[in-house]
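The exercises below are to be worked with the sequence and the coordinates open side by side. Each one sets a task and then gives a solution in steps.

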Amino acid sequence: MPKELDLIISCYTEAIGRGEGRFQTTETRTMVTHMGDLLQECKVIAKGLKTARPSRCLASPGVGLEPPSRGVADTLVDLYFGSFESTYRILHEPTFRAEYHSYWAQPESVPTHVRLRILLVIGIGFSFYTGQDVEAGFRCMVRQWIYAAQTWLSGPLEKDRLTIAGLQIHCLTLLARQIFSIGGDLVWVSVGSLIHAAMQIGLHRDPKHFSEMSVLQVEVRRRLWATILEMVVQSSLDSRMPPRISFDEFDTNSPANINDDEVDESTSSLRPQPGGTYTSTSTQILLLESIPVRLRVLQLLYCFRAEMSYSNVLNLSSELTDACRKCSRFFDQNSRAGATPFRRNLVDLHVRLFLIWLHMPFASEARTNPMFYYSRKVSLDTTLTMITPEPDDCFSRLRVIGGGMFRESIRHASTIILLELLGQVETSA
């Protein structure tokens with residue numbers, strides 16, 4: 001914890017009644033008392049939210065888990081595919097849509113894993129929904145779906161868990177947990193189980209090593225592996241723990257730059273679009289290209305045998321900056337082709353967080369050692385860019401309600417700005 005935060009920590013401990021009487025003037029005493037009252041209100045609200053959580057001992061996941069009306073469900077599914085699915089390629093949209101329509105035609109005949117997949121997609125889409133035509137308790141129902149999916153995943157390791165469908169449910173569950181703040185700070189632990197399961201069924205090996213696999217299956221596997229890698233690096237950064245994978249442990253190729261309607265079970269060959277052309281997969285490919293440098297950053301930060309030299313930090317910083325610029329150029333060139341502000345902001349968040357954490361250890365030293373001024377500048381400039389994203393209602397809503405990486409990004413940014421303000425106050429004092 002930076003020593004610059006000592007004053008803030010003292011103020012907090014005073015507000016919760018554990019201080020040493022450091023703030024005794026009338027003005028500061030009133031402010032600290034008010035702060036304590038607000039903290040108590042927050043604790044009461046948090047306690048109420050926790051009591052509303054579904055029991056961890058649920059019945060069978062297929063019992064009592066029903067979606068909203070068809071009209072609302074359709075809207076929520078569209079919201080999901082218009083937001084996260086472009087970055088986290090988990091589902092092949094035409095295949096999912098076919099299952100979705102079959103569900104509404106005969107819901108009682110749909111297998112549990114299909115039902116859970118549909119409910120999780122609807123639930124994630126609900127995080128962006130602003131309509132008033134759903135029941136007041138629908139958010140609690142979504143949380144129950146997430147618990148049901150987690151319970152299903154935690155059951156005995158049967159064949160319907162250790163499959164592509166099982167991995168898709170695992171990815172959707174982890175994403176939903178972060179969005180709805182359900183154990184979002186424990187995602188790194190769950191991601192460990194996810195990547196082990198993925199490697200168990202061979203996703204870490206490129207499909208070219210396997211025979212009798214359709215073109216669609218090849219693409220789904222490559223996309224899903226890229227999504228799991230993204231979850232690995234993000235959860236590692238958020239939890240400040242080492243990544244659970246290295247580049248020596250997989251050889252899976254990047255997915256093809258194609259739209260979902262360009263591939264199905266009958267496809268015998270693909271014609272990928274050029275790299276600069278926007279497709280439903282290009283955002284994932286763009287993020288995947290920066291995975292090597294982000295993994296090296298994580299190894300430098302959290303592997304205790306790594307030697308953190310400043311020259312190494314500057315080299316990695318240069319690579320991350322290049323990745324940010326490439327992402328920015330791509331979205332500028334494809335703003336009218338489907339590269340929405342939400343997708344741009346989400347990709348930007350995924351990369352810039354690494355730049356902040358890479359420089360943070362040296363940024364705090366810049367106040368006493370001018371040699372590290374560059375780290376201080378990069379940290380502040382990156383933070384200000386990150387907290388002023390391109391205007392988008394869905395992304396703004398996600399930052400307000402989200403947990404996990406979405407909440408941590410605000411926390412990191414607040415810490416950087418707070419340290420800068422404290423430094424300015426000390427300088428002017």
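## Annotation and ground rules

UniProt, in an unreviewed entry, places the feature "domain: Xylanolytic transcriptional activator regulatory" at residues 187-261; UniProt positions follow the numbering used here, feature names are shortened, and annotations may be inferred rather than shown by experiment. This is a predicted model, in which local features need pLDDT of at least 70 and side-chain atom pairs count only at pLDDT 80 or more, while totals for chains, interfaces and linings use all residues. Residues are numbered from 1 along each chain as its sequence is written, and side-chain values use heavy atoms, with hydrogens and water left out.

## Exercise 1: the annotated span

Determine how far apart the end C-alpha atoms of residues 187-261 lie, and how much of the span is helix and how much strand.

Step 1. The end C-alpha atoms of the span are 32 Å apart.
Step 2. Secondary structure is taken from DSSP runs numbered from the N terminus, where a helix (H or I) has at least four residues and a strand (E) at least two; by this assignment the span is 52% helix and 0% strand.

## Exercise 2: the nonpolar cores

Identify the residues with the most contacts inside the largest nonpolar core, and the helix that gives this core its largest share.

Step 1. A nonpolar core is a set of buried Ala, Val, Leu, Ile, Met, Phe, Trp, Tyr and Cys residues joined through side-chain atoms within 4.5 Å, and buried means under 20% relative accessible area, exposed over 50% and partly exposed in between, with a 1.4 Å probe and protein chains only.
Step 2. The largest core has 109 residues, and Tyr-80, Phe-84, Ile-122, Ile-179 and Ile-228 have the most contacts inside it.
Step 3. Helix H13 (residues 341-363) contributes the largest share of this core, 13 residues.
Step 4. A second, separate core of 6 residues includes Val-215, Leu-216, Ala-256 and Ile-258.
Step 5. Contact means heavy atoms within 4.5 Å; when residues up to four places away in sequence are not counted, Ile-122 touches Pro-67, Pro-68, Ala-73, Leu-76, Val-77, Tyr-100, Phe-138 and Trp-145.

## Exercise 3: helix H10 and its partners

Describe how the axes of helix H10 (residues 282-289) and helix H11 (residues 291-302) cross, and which residues make the contact.

Step 1. The two axes, lines fitted to C-alpha atoms over the stretch in contact, with angles from 0 to 180 degrees between N-to-C directions, come within 5 Å and cross at roughly 45 degrees.
Step 2. H10 is therefore oblique to H11, given that angles under 35 degrees count as roughly parallel, over 145 as roughly antiparallel, 65 to 115 as roughly perpendicular and the rest as oblique.
Step 3. Leu-287, Leu-288 and Glu-289 of H10 meet Ile-291, Pro-292 and Arg-294 of H11.
Step 4. These residues divide into 4 nonpolar, no polar and 2 charged, where Ala, Val, Leu, Ile, Met, Phe, Trp, Tyr, Cys and Pro count as nonpolar, Asp, Glu, Lys and Arg as charged, and the others, Gly among them, as polar.
Step 5. H10 is mostly covered, with 7 of its 8 residues buried, and these buried residues pack against H9, H11, helix H12 (310-333) and H13.

## Exercise 4: two positive phi angles

Locate Ser-181 and Glu-212, and state whether each is buried, partly exposed or exposed.

Step 1. Most residues other than glycine have a negative phi.
Step 2. Ser-181, although not a glycine, has a positive phi of about 55 degrees; Ser-181 sits in the loop between helix H7 (164-179) and helix H8 (187-200) and is partly exposed, with a relative accessible area of 26%.
Step 3. Glu-212 has a positive phi near 55 degrees, lies in the loop between H8 and helix H9 (215-239), and counts as exposed at 83% relative accessibility.

## Exercise 5: two buried helix residues

Find the contacts of His-359 and of Cys-324, leaving aside neighbours within four places in sequence.

Step 1. His-359 belongs to helix H13 and is buried, with a relative accessible area of 0%.
Step 2. Its contacts are Val-313, Leu-314, Ser-317, Tyr-374, Ser-375, Val-378 and Ser-379.
Step 3. Cys-324 lies in helix H12, is buried at 5% relative accessibility, and is in contact with Val-351 and Arg-352.
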